[in-house]
Amino acid sequence: MKPLILANWKCNPKTLKETEKLFKDILKGIKNIEKAEIVICAPFVWLPILKGIKLGAQNCHWEESGPYTGEVSALMLKDLKVEYVIIGHSERRNYFHETDEIINRKLKAVLNAGLAPVLCIGEKKGENAQEIVLNQLIQDLQGISEKDQGKIIIAYEPVWAISTSGGEICSADYAKKMLEFIKQRFNGKIIYGGSVDSKIINNYLKIGYEGALVGGASLKADEFINTVRVVE
Ligand code: PGA
């Protein structure tokens, strides 16, 4: 299976013009690269203008529709041909107070819509990684059948290694131990995230992660294209 590389643009780019430029440059650069499955997870408002690539969203509501001002549902995303939805990213857990119960409801909504959830789990600095991850797995996946769990992609993202741009990165040994730990409890695809760029992506693919969630490096077309190009 080809590695799955998801660009997580977060709340970027700032303007339509910048978005068009970044997208055009990325699309051109990855045109003939076939060794990875590439997905762009863009802000909701930019999704309809991104044509010719697989799309992901970064969040969704747990209901299909209704009186929920400001929310976007999984069904709406499906209608825009979105295939993946990131759920439970650490930034949503931290800044928007998403609990494991909310994440569990959102996962079910994404699965019900027939889309693939990308469930982010991971510990903060100083926390017991296995304890945190085990708790997240138990609570986030509660009531989801084995069969449906097989449709979920887990992104292991140690929160302390996210957006460190040249700072602290997670060692291959540490990432491997966590991969083995998660594998004992989850049967589907597991990818890695946390400051991934062209220099370190293979560290994680080599030890068994089946892809990567790429934040900062996906906002620079050249760096993102390189990150995909170097995949071994
Ligand atoms: P980063 O972001 O690559 O900038 O660390 C990854 C993520 O938060 O998904």
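What share of the contacts in the chain with a separation of 6 or more comes from residues 24 or more positions apart? Such residues account for 71% of those contacts. With that in mind, here are the views, all taken from a predicted model.

**Figure 1. The whole chain, with its 9 helices and 8 strands.** The radius of gyration is 17 Å, close to the 17 Å that the globule rule gives for 232 residues, so the chain is as compact as a globular protein of that length. Run along the principal axes and the C-alpha trace spans about 45 × 40 × 30 Å. Of the 232 residues, 53% are buried.

**Figure 2. Helix H5 crossing helix H7.** Here residues 129-140 (H5) meet residues 172-183 (H7), with axes that come within 11 Å and cross at roughly 35°. The crossing is right-handed. On the H5 side, the residues involved are Ala129, Gln130, Val133, Leu134 and Leu137, and they meet Tyr174, Met178, Phe181 and Ile182 from H7. Sort the residues of this contact by type and you get 8 nonpolar, 1 polar and no charged.

**Figure 3. Asn59 and its surroundings in a loop.** Look between strand E3 (54-57) and helix H2 (74-79) to find Asn59. Is Asn59 buried or exposed? Its relative accessibility is 10%, and the cut-off for buried is under 20%, so Asn59 counts as buried. Setting aside residues up to four places away in sequence, Asn59 touches Phe44, Leu77, Val85, Ile86, Arg92, Glu98 and Lys106. Lys106 also turns up in a polar contact: its side chain and that of Asn59 are joined at 2.8 Å.

**Figure 4. The loop between E1 and H1, with a cis peptide bond and a positive phi.** Pro13 sits in this loop, which runs between strand E1 (4-8) and helix H1 (16-30). The peptide bond leading into Pro13 from Asn12 is cis, with omega near -20°. Lys10 belongs to the loop between E1 and H1 too. Its phi is positive, about 55°, although Lys10 is not a glycine. Both features are worth a look, because most residues other than glycine have a negative phi, and most peptide bonds are trans. As for accessibility, Lys10 is buried, with a relative accessible area of 16%.

**Figure 5. His97, another residue with a positive phi.** What is the phi of His97? It is near 55°, a positive value in a residue other than glycine. You'll find His97 in the loop between helix H3 (90-95) and helix H4 (100-112). His97 has a relative accessibility of 61%, and exposed means over 50%, so this residue counts as exposed.

**Figure 6. Gly122, in the loop that links strand E5 and helix H5.** Strand E5 covers 116-121, and Gly122 is placed in the loop between E5 and H5. With a relative accessible area of 9%, Gly122 is buried. Leave out neighbours within four places in sequence, and its contacts are Ile132, Val133, Gln136, Tyr156, Glu157 and Val159. Val133 is a familiar name here, since this H5 residue also appears in the meeting of H5 with H7. Where does Ser90 come in, relative to Gly122? The two are 32 residues apart in sequence, and their C-alpha atoms are 7.7 Å apart in space.

How values were computed:
Residues are numbered from 1 along each chain as its sequence is written. This is a predicted model: local features need pLDDT of at least 70, side-chain atom pairs count only at pLDDT 80 or more; totals for chains, interfaces and linings use all residues. Side-chain values use heavy atoms; hydrogens and water are left out. Helices (H or I, at least four residues) and strands (E, at least two) are DSSP runs, numbered from the N terminus. Buried means under 20% relative accessible area, exposed over 50%, partly exposed in between (1.4 Å probe, protein chains only). A polar contact is a pair of N or O atoms within 3.5 Å; within protein, one must be able to donate a hydrogen and the other to accept it, and residues adjacent in sequence count only if both atoms are side-chain atoms. Contact means heavy atoms within 4.5 Å. Axes are lines fitted to C-alpha atoms, for helices over the stretch in contact, and angles run from 0 to 180 degrees between N-to-C directions. A crossing is left-handed if the near helix is turned anticlockwise from the far one by less than a right angle, and right-handed if clockwise. Ala, Val, Leu, Ile, Met, Phe, Trp, Tyr, Cys and Pro count as nonpolar, Asp, Glu, Lys and Arg as charged, and the others, Gly among them, as polar. The radius of gyration is taken over C-alpha atoms; the globule rule is 2.2 Å times the number of residues to the power 0.38.
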